[in-house]
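Here is a short briefing on selected local features. Please keep the sequence and the coordinates at hand while reading.

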Amino acid sequence: DSSSGSSGFFSKRTFPGRVPAGIGRKSLRIVVTGGAGFVGSHLVDKLISRGDEVIVIDNFFTGRKENLVHLFGNPRFELIRHDVVEPILLEVDQIYHLACPASPVHYKYNPTNVMGTLNMLGLAKRVGARFLLTSTSEVYGDPLEHPQKETYWGNVNPIGERSCYDEGKRTAETLTMDYHRGADVEVRVARIFNTYGPRMCLDDGRVVSNFVAQVIRKQPMTVYGDGKQTRSFQYVSDLVDGLVALMEGEHVGPFNLGNPGEFTMLELAEVVKETIDSSATIEFKPNTADDPHKRKPDISKAKELLNWEPRISLREGLPLMVNDFRNRILNGDEGKGL
Ligand code: NAD
Ligand code: UDP
Ligand code: UDP
């Protein structure tokens with residue numbers, strides 16, 4: 001199909017047989033690694049709904065087919081069971097690289113951040129695709145600067161229990177910038193702060209999913225340490241809007257993508273209680289090693305250069321995930337892959 005303008009098998013940005021996504025814009029072919037996961041599946045929904053073709057690569061390590069089942073049969077959607085630690089050949093315009101064992105209980109299985117990122121960068125280089133890395137606020141470690149700006153280099157323990165995640169993502173950022181400088185790959189780097197919403201893994205130990213699931217199950221909310229540590233919680237649709245704005249924009253980043261509303265864990269427990277069940281209780285548990293004391297994004301850069309900021313507050317967002325959690329708990333689905 002020469003009318004699509006492609007010139008050769010690995011040509012940049014256009015491929016044979018492409019359908020228009022809408023007036024004035026060709027549809028893109030987009031890979032989302034980790035697309036069967038929490039954030040990935042919401043991103044896929046947005047890309048499909050705006051008319052693009054999406055290929056999800058996922059090994060179902062924490063992701064679930066249920067998160068994408070509503071797209072099965074859609075001719076613009078494709079799901080490949082594949083571990084990104086292994087090379088793969090595809091012809092695509094954009095790569096959203098989200099694949100990662102993304103929660104503390106899964107951190108230890110982690111060549112993904114290095115080998116998986118390298119393979120996706122190799123793919124981006126070969127086909128001339130734009131590559132977006134979903135890095136994390138964890139690159140700031142236990143931060144000595146508050147709130148954190150993108151210019152802060154972080155305070156990370158290189159040999160601690162969380163370091164394969166923190167340092168893995170720091171290495172992924174390094175690889176991304178090296179491919180950008182050394183091989184001219186178009187890259188984008190997002191540093192994502194704590195995000196919550198429907199389809200979050202039920203039992204991966206993150207605080208919002210733990211508290212919501214515990215209250216629905218009539219168990220006490222487990223507050224680690226004294227509960228005075230802080231986090232800033234972003235609703236998933238705000239994040240997805242930010243990722244797309246970053247991919248489509250002209251700036252490499254890194255960009256903090258998070259909601260600056262900061263809460264202690266005790267305050268979070270209070271909001272969950274108000275939202276779901278006023279009789280909910282808490283119990284204190286010992287904290288994990290190297291737990292960051294506070295975290296809050298400075299998002300001035302994303303506001304100015306991406307024209308993006310979150311719209312949904314914690315009190316507005318939490319109720320939006322409760323039905324999904326309730327249904328999954330009632331159905332006995334504990335968040336495992338198929
Ligand atoms: P998630 O666990 O729901 O999704 C990760 C997905 O990656 C899963 O579907 C999993 O099966 C897949 N995966 C893991 N290893 C893989 C491999 N080797 N090959 C192929 N697929 C693999 O987590 P999420 O919250 O959706 O996170 C998505 C991305 O956003 C991750 O890169 C994570 O580090 C980043 N992030 C998330 C948050 C957050 O609060 N949710 C915060 C900071 C950064
Ligand atoms: N790679 C891949 N798909 C591609 C191109 C490359 O998975 O379409 C992998 C490749 O196997 C290698 C990595 O990406 O492990 C880095 O590729 P690059 O070409 O940058 O490095 P090289 O192969 O030259 O070491
Ligand atoms: N946390 C908690 N109870 C839980 C799970 C986590 O009090 O059941 C605390 C944890 O100690 C940390 C904060 O909540 O201070 C956020 O933890 P999470 O694992 O969700 O995110 P991260 O530490 O990666 O920001």
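P292 sits in the loop that links β15 (282-285) to α7 (300-306). The model is predicted. The points below cover this loop residue, then a helix pair, then a ligand shell.

**P292 and its surroundings**
- P292 has 18 other C-beta atoms within 10 Å, so it is partly exposed. The cut-offs are 20 or more for buried and 12 or fewer for exposed.
- Beyond its neighbours within four places in sequence, P292 contacts G141, D142 and P143.
- D142 lies 150 residues away from P292 along the chain, yet their C-alpha atoms are 4.2 Å apart.

**Helices α4 and α9**
- Helix α4 spans residues 207-216 and helix α9 spans residues 319-330.
- Their axes come within 10 Å of each other and cross at roughly 60°. That angle falls outside the roughly parallel, antiparallel and perpendicular ranges, so α4 and α9 are oblique to each other.
- The crossing of α4 and α9 is right-handed.
- From α4, the contact involves V212, A213 and I216. From α9, the partners are M321, V322, F325, R326 and I329.
- Seven residues of this contact are nonpolar, one is charged and none is polar. R326 of α9 is the charged one.

**Shell around ligand 2**
- Which residues surround ligand 2? They are P87, I88, L89, L118, N119, G122, L123, K125 and R126.
- By class, this shell holds five nonpolar, two polar and two charged residues.
- The charged residues are K125 and R126. The polar ones are N119 and G122, with Gly counted as polar here.

Key:
Residues numbered from 1 in each chain as written. Chains lettered and ligands numbered in written order. Predicted model: local features only at pLDDT ≥ 70, side-chain atom pairs only at ≥ 80, totals over all residues. Axes fitted to C-alpha atoms, helices over the stretch in contact; angles between N-to-C directions. Helix = DSSP H or I, 4+ residues; strand = E, 2+ residues; numbered from the N terminus. Parallel < 35°, antiparallel > 145°, perpendicular 65-115°, else oblique. Left-handed = near helix turned anticlockwise from the far one by under 90°. Contact = placed C-beta atoms within 7 Å. Near = placed C-beta within 6 Å.
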